[in-house]
Protein chains: 2
Amino acid sequence: MAQPATAQQTPADLIVTNARVYTVDDSRPLVEAFAVRNGRIVFTGSAREAASLKGANTKVVDAGGRTIIPGMVDGHAHFNNLAKKLRSVDLVGTRSYDEVIARVVERAKTTPKGQWIIGRGWDQNAWGSTAFPTHDALTAALPDHPVLLERIDGHAQLANMAAMKVAGLTAATKEPSGGKIVRDAKGVPTGVLVDNAEGIVSSKVPTPSIQEWRAMHKDAVKLMHRWGLVGMHDAGASREMIELYEDMAKQKELDLRLYIMISDNAAALTHYFGMGPRSALYDGQVWVRAVKLYADGAMGSRGAALLEPYSDDANNTGLLLSAPAHIQEVAEAGLKAGFQINTHAIGDRGNRVVLDAYEKALDKTPMANHRFRVEHAQILHQDDIPRFAQLGVIPSMQASHQTSDMYWIGKRLGPTRLYGAYAWQSLLQTGVVIPNGSDFPVEEVNPLISFHASIARQDARDWPMGGWFPAERMSREDALRSMTLWPAYAGFQEQEMGSITPGKYADFVILDQDIMKVPAEMVLRTSVLATYLGGRLVYAK
Amino acid sequence: MAQPATAQQTPADLIVTNARVYTVDDSRPLVEAFAVRNGRIVFTGSAREAASLKGANTKVVDAGGRTIIPGMVDGHAHFNNLAKKLRSVDLVGTRSYDEVIARVVERAKTTPKGQWIIGRGWDQNAWGSTAFPTHDALTAALPDHPVLLERIDGHAQLANMAAMKVAGLTAATKEPSGGKIVRDAKGVPTGVLVDNAEGIVSSKVPTPSIQEWRAMHKDAVKLMHRWGLVGMHDAGASREMIELYEDMAKQKELDLRLYIMISDNAAALTHYFGMGPRSALYDGQVWVRAVKLYADGAMGSRGAALLEPYSDDANNTGLLLSAPAHIQEVAEAGLKAGFQINTHAIGDRGNRVVLDAYEKALDKTPMANHRFRVEHAQILHQDDIPRFAQLGVIPSMQASHQTSDMYWIGKRLGPTRLYGAYAWQSLLQTGVVIPNGSDFPVEEVNPLISFHASIARQDARDWPMGGWFPAERMSREDALRSMTLWPAYAGFQEQEMGSITPGKYADFVILDQDIMKVPAEMVLRTSVLATYLGGRLVYAK
């Protein structure tokens, strides 16, 4: 029951005013101000009304007429991999070996001697010569740190002498099957290791300590805040990592609404199913009530399972990574334990296998409100599109994959199957909601890349004109829901977050442009000016 | 915090399935089924999931693929006047005096002898002769009931002999000033009374007893249910009527979500302000937390207060029915007591007077979430359009007035002022919500008339082509909100009703057409097949 007006005149902790606030709450969709108390929204409406809640200790934020949206949530991403990636030196875009070395030297300044430095992203094809580099210059510049730098495609690595020493890599080292140790004329390793030879050094890179992990994850959260994310759905976490996240949350060091999918590991599932679903732990920071499974591989490597062969590989229908019976079995156990099951499926066969397995599990253990998900749901047979709504299964889709893949996906699939590719609008019409995401670090963290892809189906250069299969675009209203309210629904959190609504967490983002109004091509030029989590400023530009 | 899935497997009381459900809940906008327990929604989603909540005592409604929307609420109407109108014999459209008499005789069959029968709507111009009727045939057919029949324009009445006897109307009766007693050649009254003579008989019609009122209101509620209404905002009720409604609700005889505006009466306001705002009384049936004031008159009678004279009456700027100071005074008292103030304002001056009075009251007693309203807000000066959002004032508008008035409103106002007439879209763009309504019995009860007017700004014959000032049309999504979630917001009820959302009252309507998809011209041919209030069937076609 709504409180009488007088009861709401307790002063607010925070008033945000002079803004264009898209609340994603249809009972009051557009307001100019809101107020926060104890980390939750207590009022949305006019600036005048908000001002009446100002007390001696109320902080007032004047948004200067800027646009505010609910804090965004990435519905599918990889926390641990982002943390790892941030630890690595980013070598993407380097134009010379010297530039690679300079970036590593820069990192070495803040890295204790003897500690490994990992880098990713070099490409000698961009350096003027296509010859692999040799370790000498790297070793000379970095004598005291083991260094291992991965090529942009992951199929080759460059180690310095310190790293080779730790690994015991010498002229005497034998090549493993399927791998190559590049050597000079005298047979001495040059530092470059190809494919299966990579493990010789990389296996020696120490696993980060828990303290290192903690620092790395904090950096990852900072990056999310910088892009307006207040939460993410972690698409696969080990028990060790979940315990770290819970500890960080307990110590108030997480600063994230983290919806965890437990990785498919029998011991971990037994452990967490035994505890039962847990929500909003540590004051709304951690949810442990979901499981991540894998049905198939990916499209780029032709590992996605298709019903008909790849158009560019006539004898290949891709790979199933899990037996359908396994998906069904875990789904049944999840239904009984009250856990949501979220299965990776890219190809049309992969998706059908998951829907079939879910259907069998639900036949055995009928259940309302299970909110089972298919992660990616990229390529769907037309017959399977309505099955999501019918089974109550949520397609969890990352719009940025569409704009990354559109250049080559037609070669893999031929024209007909593209009508079921990234078919957001067809799915929405059946009555599902779509939590959007980035799959970071596979794609960029910036959630507005997926927002832009959702409304335009164009890349950052506005290609193709009119959008790629534009009938499948989302409206801006739906695209905004897909970054806010719909991930909340997909995480059983819609009563707590996903909109700027009295009673919900005060999570919001101030943008420098109105993404609901500017031409689509301006969306990617939008900056996050500030991110607030539970009414607390966690990022300011 | 969301319940774990397993906790939700308690069997439902009611499952509604095989439907196209527009929930007006963006966390799950379109579903095919939902479940109800203890009068509230407990699940929305797929038919399969809903079926899993079926127990031994669960009632299942198969909607046969039909459209379901939340129970509609009329944001501004007159309960008592509808009740009165229903008690009268409807004589509109009668083609002869015989037909008039036949309808009254029909009513007499169920009316105890000696009890008055009131009728409305005869028009002798439609009978072939333009002469007034005389009472003889009516008296012959109805010797035992006093009968009083009002002409369609309200400017003449026909009484039978029994009624004249009660009133003591004889050849000796003198005519009042401004009135006429029609007499035969011998000076004997014929039964017809014109203008100020009407009171001679009508003042003798007894006020209904409380038991009669109760029966009349029950009939009015039945009619609302028949048109898919589960609630209404009563735009002005006396203490006597409020006490009747509360008693009906207590006895479970109301069957309505009745949001009451207390009529502007000092004693009543003192009484109810003393009690404080009361919400969801008697299991969600009665809300007493609002006051109805009047700023000006109406447009048809040139009583609406304008800033500039009427275009068709150069010396007339309309009437203010309340002193601005009175509106301000009651508004201040309302702010202090926690009551919402809802003031009738039609003309641009009337609206400005109300906004000014509210602004002064809010300057003195700043308050968040007051949700003060302007009822009608029909004609607005461009400068005043943004003031609603700025002050936090809700424009409560009845779209059917636009389609009723559009034929002649241009004569009253001239072309320029029409840009601020029924300016729904201009208002929505500023960030307000608009509760829609009918103002029944001024307009028809059927809320789809206002839905149709909102999206088309055309009459039932699809005139004018393209719609009248079509830039002010609402989207269908907004029009649906204006009949459901936005009246709930305007009544501080958005957490309890207005959408098909788990936790809210299970109020919903089954329609025979999809009003969100059919061409606009089909909307008025839509029938309500069933209306449910709190999960209970209250109307079935």
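Okay, let's start with chain A. The domain assignment splits chain A into domain 1, made of 1–65 + 494–541, then domain 2 at 84–202, and domain 3 at 295–474. Keep in mind that this is a predicted model. If you take the C-alpha centres of domain 2 of chain A and domain 3 of chain A, they sit 36 Å apart.

Now, how do the two chains relate? You can superpose chain A on chain B with a rotation of 179° and 0.2 Å of shift along the axis, and the RMSD comes out at 0.4 Å. So the two copies are related as by a two-fold rotation axis. Which C-alpha of chain A is nearest the axis? That one belongs to A:Asp26, at 3.6 Å from the axis. And both copies use the same surface: 100% of the contact residues of chain A turn up again in chain B.

Let's move over to chain B and look at a sheet. Here we have an open sheet of six strands, in the order S9-S10-S11-S12-S14-S13, and the pairing is mixed. At the edges you'll find strand S9 (89–90) and strand S13 (179–183) of chain B, each pairing on one side only.

Inside that order, take S10 (residues 117–122) and S11 (residues 147–151) of chain B: they pair in the parallel sense, over five bridges. If you want a spot to click on, B:Ile117 stands opposite B:Val147 in S11(B).

Last thing: what lies across S9, S10 and S11 of chain B? That's helix H3 (residues 97–108) of chain B, and H3 runs at about 155° to S10(B).

How values were computed:
Residues numbered from 1 in each chain as written. Chains lettered and ligands numbered in written order. Predicted model: local features only at pLDDT ≥ 70, side-chain atom pairs only at ≥ 80, totals over all residues. Domains from an automatic or database assignment. Least-squares fit on C-alpha atoms with pLDDT ≥ 70 in both. Contact = placed C-beta atoms within 7 Å. Pairing = 2+ DSSP bridges. Helix = DSSP H or I, 4+ residues; strand = E, 2+ residues; numbered from the N terminus. Axes fitted to C-alpha atoms, helices over the stretch in contact; angles between N-to-C directions.
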